[in-house]
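Here's a quick briefing to read alongside the model. Start with the fold, then move on to the charged residues.

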Amino acid sequence: MGKHFFDYDDGDFAHTISDNMAMDSDGDLLMRIGDNMAMDMDSGELHIISGWSYDEDDD
């Protein structure tokens, strides 16, 4: 945990707080949808991100 990635839609960075949740620099929560996609929990919008792989993918 504690991985960082870039949110291309917002133009800011986010860091993981669990396997499927992250928080961006504005305090918005993002839920992992795929390796390069997350959903903003406030608006429901999908965001393209630089990469968020599962921990077991990193082995």
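A polar contact here is a pair of N or O atoms within 3.5 Å, where, within protein, one must be able to donate a hydrogen and the other to accept it. With that in hand, the side chains of D12 and S25 make a polar contact, at 3.2 Å. Keep in mind that this is a predicted model. The protein chain has six strands and zero helices, and 25% of its 59 residues count as buried.

**The sheet as a whole**

- Reading from the N terminus, the elements of the protein chain go β-β-β-β-β-β.
- The six strands make an open sheet in the order β1-β2-β3-β4-β5-β6, and the pairing is antiparallel.
- At the edges sit β1 (4-7) and β6 (46-48), each of which pairs on one side only.
- From one strand to the next, the twist averages 40°.
- Take the contacts in the protein chain between residues at least 6 apart in sequence: 26% of them join residues at least 24 apart.

**Strand pairs and hairpins**

- Four bridges link β1 and β2 in the antiparallel sense, and H4 has H15 in β2 as its bridge partner.
- β3 (residues 21-24) and β4 (residues 29-34) run antiparallel and are joined by three bridges; here M23 stands opposite L29 in β4.
- The hairpin of β3 and β4 has four residues between the strands, and G27 takes a positive phi near 90° in it.
- Next along, β4 pairs with β5 (residues 37-40) in the antiparallel sense, over four bridges.
- Two residues make up the hairpin connection from β4 to β5, and the bridge partner of R32 in β5 is A38.

**D12 and D24: buried acids without a salt bridge**

- D12 is in strand β2 (residues 12-16), while D24 is in strand β3.
- How far from D12 is the nearest side chain of opposite charge? That side chain is R32, 17 Å away, and D12 is buried with no salt bridge.
- D24 is also buried without a salt bridge, and R32 is again the nearest side chain of opposite charge, this time 16 Å away.
- What does the side chain of D24 reach? One polar atom of the D24 side chain lies 3.0 Å from the backbone nitrogen of D26, and the side chain of D24 also reaches the backbone nitrogen of D28, at 2.9 Å.
- Setting aside residues up to four places away in sequence, D12 touches F5, F6, D7, D24, S25 and D26.
- On the same basis, D24 is in contact with D10, D12, F13 and A14.
- So D12 and D24 touch each other, since a contact just needs heavy atoms within 4.5 Å.

**R32 and D35: the salt bridge**

- Side chains of opposite charge can pair when their charged atoms come close.
- How many salt bridges does a search of the whole structure find? The search turns up one.
- D35 forms a salt bridge with R32, and the closest N and O atoms are 2.3 Å apart.
- Are R32 and D35 buried or exposed? R32 counts as buried because its relative accessibility is 9%, which is under the 20% cut-off.
- D35 is partly exposed because its relative accessible area is 39%, a value between the 20% and 50% limits.

**Y54: a contact from the tail segment**

- Y54 is in the segment after β6.
- Not counting residues up to four places away in sequence, Y54 touches N20 and R32.
- Y54 and N20 are 34 residues apart along the chain, yet their C-alpha atoms are separated by 8.7 Å.
- Y54 counts as partly exposed because its relative accessible area is 34%, which again falls between 20% and 50%.

**To take away**

- R32 appears in several of these points: as the salt-bridge partner of D35, as a contact of Y54 and as the bridge partner of A38 in β5.
- D12 and D24, by contrast, are buried acids with no salt bridge; D12 has its polar contact with S25, and D24 has the backbone nitrogens of D26 and D28.

Technical notes
Residues numbered from 1 in each chain as written. Predicted model: local features only at pLDDT ≥ 70, side-chain atom pairs only at ≥ 80, totals over all residues. Heavy atoms only, no water. Buried < 20%, exposed > 50% of the residue type's maximum accessible area, 1.4 Å probe, protein only. Lys, Arg positive; Asp, Glu negative; His and termini not counted. Salt bridge = Lys/Arg side-chain N within 4 Å of Asp/Glu carboxyl O. Pairing = 2+ DSSP bridges. Axes fitted to C-alpha atoms, helices over the stretch in contact; angles between N-to-C directions.
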